[in-house]
Amino acid sequence: QVHVAESGGGLVQPGGSLRLSCAASGTIFSISTMGWFRQAPGKEREFVATITWSGGTTIYADSVKGRFTISRDNAKNTVYLQMNSLKPEDTAVYYCKARADVRAGDFRQYWGQGTQVTVSS
């Protein structure tokens, strides 16, 4: 199957930067998209950003536009989230999601376990 693993979370001061990484591994036939979501305490999980694997088209939530950048390394099946100008309201567990197939055309969604990002002085 497909395993998704995030890394790079931590504690950062307001205005600082962090870079998250997410690697998909296993018996992957192809990847359609990979993206980032986040969930703050007491809130529902929300969309942050996504990128298509073939064309690199990106979509961002309004709350992170201009501050976060999603990118990919196709050869490594890895997606990155560069987060700049971080705010306390960005504090959340960040989850990575991969839409991939292990058999041609049978696309499914695979989630990572999440990585904690805390923005605080």
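This report describes the sheet, the nonpolar core, the disulfide and two unusual backbone positions of a predicted model.

**The four-stranded sheet**

Four strands form an open sheet in the order 1-3-8-7, and their pairing is antiparallel. Strand 1 and strand 7 stand at the edges with a single partner strand each, so one side of each has no neighbour in the sheet. From one strand to the next, the twist averages 15°. The antiparallel pairing of strand 7 with strand 8 runs over six bridges, and among the residues involved, Asp 73 has Thr 78 of strand 8 as its bridge partner.

**The nonpolar core**

In soluble globular proteins, nonpolar side chains tend to be buried together. Here the largest nonpolar core has 32 residues, of which Met 34, Trp 36, Val 79, Leu 81, Met 83 and Tyr 94 touch the most other members. Two or more residues each are given to this core by strand 1 (2-7), strand 3 (18-26), strand 4 (30-39), strand 5 (46-52), strand 7 (68-73), strand 8 (78-83), strand 9 (92-101) and strand 11 (115-119). Strand 9 provides the largest share, with five residues.

Val 79 offers a view of these surroundings: leaving aside residues up to four places away in sequence, Val 79 touches Leu 20, Ser 21, Cys 22, Met 34, Trp 36, Ile 51, Trp 53, Ile 70, Ser 71, Arg 72 and Cys 96. Both cysteines of the disulfide, Cys 22 and Cys 96, are thus among the contacts of Val 79.

**The disulfide**

The structure holds one disulfide, formed by Cys 22 and Cys 96 with their sulfur atoms 2.0 Å apart. The link is left-handed, with -85° about the S-S bond. Because Cys 22 lies in strand 3 and Cys 96 in strand 9, the pair ties together parts that are 74 residues apart in sequence. Cys 22 and Cys 96 are both buried.

**Positive phi outside glycine**

Two residues that are not glycine have a positive phi, as the table sets out.

| Residue | Phi | Place |
|---|---|---|
| Asn 77 | about 50° | loop between strand 7 and strand 8 |
| Ser 85 | near 50° | loop between strand 8 and strand 9 |

The loop that holds Asn 77 joins strand 7 to strand 8, two strands that also pair with each other in the antiparallel sense. Ser 85, in the loop between strand 8 and strand 9, has a relative accessibility of 41% and therefore counts as partly exposed, whereas Cys 22 and Cys 96 are buried.

Terms used
Residues numbered from 1 in each chain as written. Predicted model: local features only at pLDDT ≥ 70, side-chain atom pairs only at ≥ 80, totals over all residues. Heavy atoms only, no water. Core = buried A, V, L, I, M, F, W, Y, C linked by side-chain atoms within 4.5 Å. Buried < 20%, exposed > 50% of the residue type's maximum accessible area, 1.4 Å probe, protein only. Contact = heavy atoms within 4.5 Å. Disulfide = S-S within 2.5 Å. Pairing = 2+ DSSP bridges. Axes fitted to C-alpha atoms, helices over the stretch in contact; angles between N-to-C directions.
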